[in-house]
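Here is a friendly walk through one protein, with the empty space inside as the starting point. Please keep the viewer open while you read.

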Amino acid sequence: MAFNNSTLVPDYINEDYVHPAVYIGASVALAFIGFFGFIMNLLVVVVIVKDAQTLWTPVNVILVNLVFGDLLVAALGNPVAMVSAMTGGWYWSYKVCLWYACFMSTLGFASIGNLTVMAVERWLLVVKPTKVLSIRTAIILGFLVWIYALCLSLPPLVGWGSYGPEAGNVSCSVSWEVHDEVTRSGSYIGYIFTVGLVIPVIIISASYLAIIAKLRKVRKRAGARGRREAKITKMIALMIIAFLVAWLPYATLALAAQYFDVKPSASLAVLPALLAKSSICYNPIIYVGLNNQFSRSLKKIFDIRITRNRVPESQNMTALTTLNRSDQRI
């Protein structure tokens with residue numbers, strides 16, 4: 001792959017003019033994502049560590065694994081891209097581009113892997129409560145997630161597929177536009193698309209559909225608690241939608257560039273990448289911020305007073321949560 005020595009832009013990229021306002025907007029967005037992503041994910045870690053006796057459950061073991069990756073994105077990944085956006089193009093060397101792309105790809109695949117494991121854990125807890133994960137099993141699965149991510153991100157470093165600057169030249173990632181028989185770029189992109197996106201989405205969707213079906217049955221039996229189950233059902237739907245909103249635009253554009261020779265303007269191509277990076281901000285909100293148990297621990301740690309007129313805890317749990325509460329700590 002040939003690179004221009006002055007800009008490190010590969011020769012296959014259509015060099016569109018990028019308005020300075022696009023770089024300014026990308027800089028602001030990356031700064032916002034990095035700052036708030038770091039703060040919110042760090043808050044999650046602090047609360048779980050401080051109240052480990054209550055919160056150290058199998059699902060939170062995987063959550064910490066997810067948060068660790070998001071913290072790395074916020075602390076190490078976003079600043080590199082932000083500097084490039086501020087300077088109007090990739091600021092660093094070609095080697096840094098390769099390692100940055102591999103690093104960010106690993107974290108992205110690990111995030112997808114962790115979300116998949118969390119979906120399976122929720123499915124077991126709700127649908128098959130006698131087979132819930134233990135903390136030890138969750139730790140092992142968390143370790144396997146990183147192996148899974150490395151299996152997807154390392155091939156370009158050994159000649160299968162390639163890494164390079166993305167459109168807009170703000171960050172580096174998989175060279176989606178490359179059609180190279182030597183690196184077999186097409187087969188590599190098909191591999192990461194299938195193993196890194198399609199299969200996880202199928203597992204997540206199947207898990208949540210089974211959960212929704214189970215909750216509907218329980219809601220009929222629970223009577224007055226039906227509203228609580230409906231709230232959980234909506235939260236599950238939100239998890240699925242958020243996951244797809246973050247990654248599908250980026251994946252769609254990447255596949256279109258590889259298999260259909262779609263070449264969007266550099267300014268437009270920056271947006272899906274920023275959207276995917278933004279997932280580090282709302283993951284904590286969805287997976288922890290909407291968790292009643294986490295909210296109680298947060299209030300306890302920061303000594304936030306709770307009004308006397310709150311709904312009793314016994315009424316604030318679903319029939320399934322009450323039934324399986326002890327199982328979460330196995």
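## Cavities inside the model

This is a predicted model, and three cavities of 30 Å³ or more are found in it. Rolling a probe the size of a water molecule over the atoms shows where empty space is left. The largest cavity holds about 550 Å³ of space. Its lining is made of 31 residues, and Met-104, Ser-105, Gly-108, Trp-247 and Tyr-250 are the ones closest to the centre.

Which elements give two or more residues to the lining of the largest cavity? They are helix 3 (58–86), helix 4 (94–127), strand 2 (172–174), helix 6 (185–222), helix 7 (226–259), helix 8 (266–277) and helix 9 (279–289). Helix 4 provides the largest share, with eight residues. By residue class, the lining of the largest cavity splits into 20 nonpolar, eight polar and three charged residues.

## The overall fold

Stepping back from the cavity, you will find eleven helices and two strands in the protein. Along the sequence they are arranged in the pattern α-α-α-α-α-β-β-α-α-α-α-α-α. The protein has 330 residues, and 47% of them are buried.

## Helix 3 and its partners

Helix 3 is a good place to look at packing. Its axis and that of helix 4 come within 9 Å, with a crossing angle of roughly 160°. Helix 3 is therefore roughly antiparallel to helix 4, as angles over 145 degrees count as such. The crossing of helix 3 with helix 4 is left-handed. In the contact of this pair there are 17 nonpolar, five polar and three charged residues.

How does helix 5 compare as a partner? The axes of helix 3 and helix 5 (residues 135–153) come within 8 Å and cross at roughly 25°. Because that angle is under the 35 degrees used as the limit, helix 3 counts as roughly parallel to helix 5. Here the crossing is right-handed.

## Two buried residues and their distant partners

Now for some single residues. Val-270 is part of helix 8. Is Val-270 buried or exposed? Its relative accessible area is 7%, so Val-270 is buried, the limit being under 20%. Along the sequence Val-270 and Tyr-23 are 247 residues apart, yet their C-alpha atoms are 9.3 Å apart in space.

Leu-255 sits in helix 7. With a relative accessible area of 15%, Leu-255 is buried too. The partner to look for here is Glu-177: 78 residues separate Leu-255 and Glu-177 along the chain, and 8.8 Å separates their C-alpha atoms.

## A loop residue with positive phi

One last stop is Arg-184, in the loop between strand 2 and helix 6. What is notable about the backbone of Arg-184 is its phi, near 50°, a positive value in a residue other than glycine. Arg-184 has a relative accessible area of 51% and is therefore exposed, since exposed means over 50%.

Note on methods:
Residues numbered from 1 in each chain as written. Predicted model: local features only at pLDDT ≥ 70, side-chain atom pairs only at ≥ 80, totals over all residues. Heavy atoms only, no water. 1 Å grid on protein atoms, 1.4 Å probe; cavity = no way out; pocket = protein on both sides within 12 Å on 5 of 7 lines; lining within 4 Å. Points joined across faces, edges and corners; volume = space filled by probe spheres on them. Helix = DSSP H or I, 4+ residues; strand = E, 2+ residues; numbered from the N terminus. Nonpolar A, V, L, I, M, F, W, Y, C, P; charged D, E, K, R; others polar. Axes fitted to C-alpha atoms, helices over the stretch in contact; angles between N-to-C directions. Parallel < 35°, antiparallel > 145°, perpendicular 65-115°, else oblique. Left-handed = near helix turned anticlockwise from the far one by under 90°. Buried < 20%, exposed > 50% of the residue type's maximum accessible area, 1.4 Å probe, protein only.
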